[in-house]
Amino acid sequence: MHRRGVGAGAIAKKKLAENLRLASRPRDTEFLQLPAKYKERGTVLAEDQLAQMSKQLDMFKTNLEEFASKHKQEIRKNPEFRVQFQDMCATIGVDPLASGKGFWSEMLGVGDFYYELGVQIIEVCLALKHRNGGLITLEELHQQVLKGRGKFAQDVSQDDLIRAIKKLKALGTGFGIIPVGGTYLIQSVPAELNMDHTVVLQLAEKNGYVTVSEIKASLKWETERARQVLEHLLKEGLAWLDLQAPGEAHYWLPALFTDLYSQEITAEEAREALP
Amino acid sequence: MAMSFEWPWQYRFPPFFTLQPNVDTRQKQLAAWCSLVLSFCRLHKQSSMTVMEAQESPLFNNVKLQRSKGHLFLLPDSSLKYLWRKAEGRQQTEGKLPVESIQIVLEELRKKGNLEWLDKSKSSFLIMWRRPEEWGKLIYQWVSRSGQNNSVFTLYELTNGEDTEDEEFHGLDEATLLRALQALQQEHKAEIITVSDGRGVKFF
C-alpha cells in the first residue's frame, strides 16, 4: 500500500479543498433552491436574473466537470480521499452511490468502484460460507478481499467495505452488519438473527466462544432463553459445540476463530490490530 | 523425507473433537476428518493402523489445543506471532476425539472406499489415501502407455522396479497393490497369478 509523501499529500488536499469550495459555493447551491426573492415575485423571472442563473449554472457545471476529471483517478486509488469525498457529499446532501446512472457515478466512476467491490465481497463470503456459516469479521473479510485483489490493485479500506456492504444490504441481498466489540460481523446469509442472537454474538466476540453461564451472568437471562439462542446458532451453522471444555459446553463461532486467518499478517496490519 | 505436516484449521478448533449435533455441520466435520486422516496417512506412509494406535496418534489427539482466544504479539525479534494467554486455572487444553466418534470417522472412510477392516473384530484396518480402483487405473495406464499389455510382472517389480520409479504407485504397499490389481481383475484387465517365489500379475 503506497502512501504519499507529506508534501504531495498536503498540496493535493489543498487543491481538493479549493475545487470543492468552487463546486459547492453557497451561491451555486442556493440558486438551485430558488431564493425567496424570486418566489415573492411569482414564477416570472426578470431576464437579467435568468441570465445570471444560467451563467452560474454553467460555472457550477464546469467546476464539477473539472473536479471530476482531476479526481477520478484519485477516487479509484486513494481510500483516504474516498472517505473525504463521501463526507463532503454527505454534507451537501448528495449520495454518490444513490443510483447507477447520473453525474457522480458516470463522471467519477464512484458507483463502479463500489459495485465491483460489492461483487468481490459476495465472492469472498460465498467461498467461506461453508466454514463460518455466513458470518465473518470485517477484519477477515478485509484480508481476503485484499488477497483477491492482488499486489497491483487499488487499495481498499474497511470504510470502503462497509459502504459497499450497506449498498448490498439496501439491494436486499441478505447482507447484515452486526457491531461487536469494536468491530463488525458481516452476515451474508439471510439467517434469522434477532436481537437476542445478536447480543449473544457480541458477547462471544471476546473469547470466540460463549457459554450458558456467561450469558446468564452478563445478560441476566434465564437458562432456557440462553439455550434457545445457542441452539439456534448451532442450527444455522454459525456455532459449533465443544463438550470437552472444562466445566460446561462451549459454543464456538468459526467466524470469530482468529486462528483461521492469523497465519500471514504483515507488521503494519498487526500494529493496527494491536490495542 | 520428514515433511512437517500442515494441520488444517479445524485441528486447532476445539469443537472439531466433539461430534456435532447439527446434521449439516456434522457432515462438514466428518468430511474434514476423513480428509485429515487420508493426508496424514499419506504423508507418514502409513497404510494400516489399529484402532488403539489411532486413539493415541496425534491424528485424533491434539495435545496442544488452545481454548482461549489468540492475541497478536510483536516479539523482541520483530517476528509476529499469534499467542495465547494461558487460561487461568483451566489446564484442560487437550482435544481428543472420543473412540465412538473415531469409529464413526472410520466408518465414513470405509463407505467411501478408502478403508478396509483387516479383522472381524474391527481392531485394525487398511487405510488407502487413494481407492484401489484409482490405483488400478493408474497402474493400467502405465502398462498401456509403455506398451506392456500381455506382460507379466511380479508384485515387487511393479512397486519397486526401476521402470516404475517415476510413477505414483512406486513404493505402494502390497496390501493396497493387491486390492488395486483385484479391481483390475474384476474389469478383466489383469489376472493375479503365482510366480516363482510369490505373486505376480498379467495385464491384458
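**A three-stranded sheet in chain B**

What I would like to show you today is an open sheet in chain B, built from three strands in the order E1-E7-E6, with antiparallel pairing. Please keep in mind throughout that this is a predicted model.

Let me begin at the borders of the sheet, where strand E1, residues 48–50, and strand E6, residues 115–117, both of chain B, serve as the edge strands, each of them pairing on one side only. Going from one strand to the next, the twist averages 25 degrees. As a general reminder, the strands of a sheet pair through backbone hydrogen bonds, and they may do so in either a parallel or an antiparallel manner.

Turning now to one of these pairings, E1(B) meets strand E7 of chain B, which covers residues 124–127, in the antiparallel sense and over three bridges. If you wish to find the register on the screen, look for B:Thr50, which stands opposite B:Ser124 in E7(B).

What, then, lies across E6 and E7 of chain B? That is helix H3 of chain B, residues 99–112, which runs at about 110 degrees to E6(B).

Finally, let me set this sheet within the chain as a whole. Chain B contains six helices and 10 strands, and 41% of its 204 residues count as buried. If we take the contacts in chain B between residues at least 6 apart in sequence, 54% of them join residues that are at least 24 apart. The accessible surface of chain B, for its part, comes to about 11500 Å², with 48% of that area belonging to carbon and sulfur atoms.

How values were computed
Residues are numbered from 1 along each chain as its sequence is written. Chains are lettered from A and ligands numbered from 1 in the order in which they are written. This is a predicted model: local features need pLDDT of at least 70, side-chain atom pairs count only at pLDDT 80 or more; totals for chains, interfaces and linings use all residues. Side-chain values use heavy atoms; hydrogens and water are left out. Two strands pair if DSSP finds at least two bridges between them. Helices (H or I, at least four residues) and strands (E, at least two) are DSSP runs, numbered from the N terminus. Axes are lines fitted to C-alpha atoms, for helices over the stretch in contact, and angles run from 0 to 180 degrees between N-to-C directions. Contact means heavy atoms within 4.5 Å. Buried means under 20% relative accessible area, exposed over 50%, partly exposed in between (1.4 Å probe, protein chains only). Accessible areas come from the Shrake-Rupley method with a 1.4 Å probe; for residues, only the protein chains shown count as cover.
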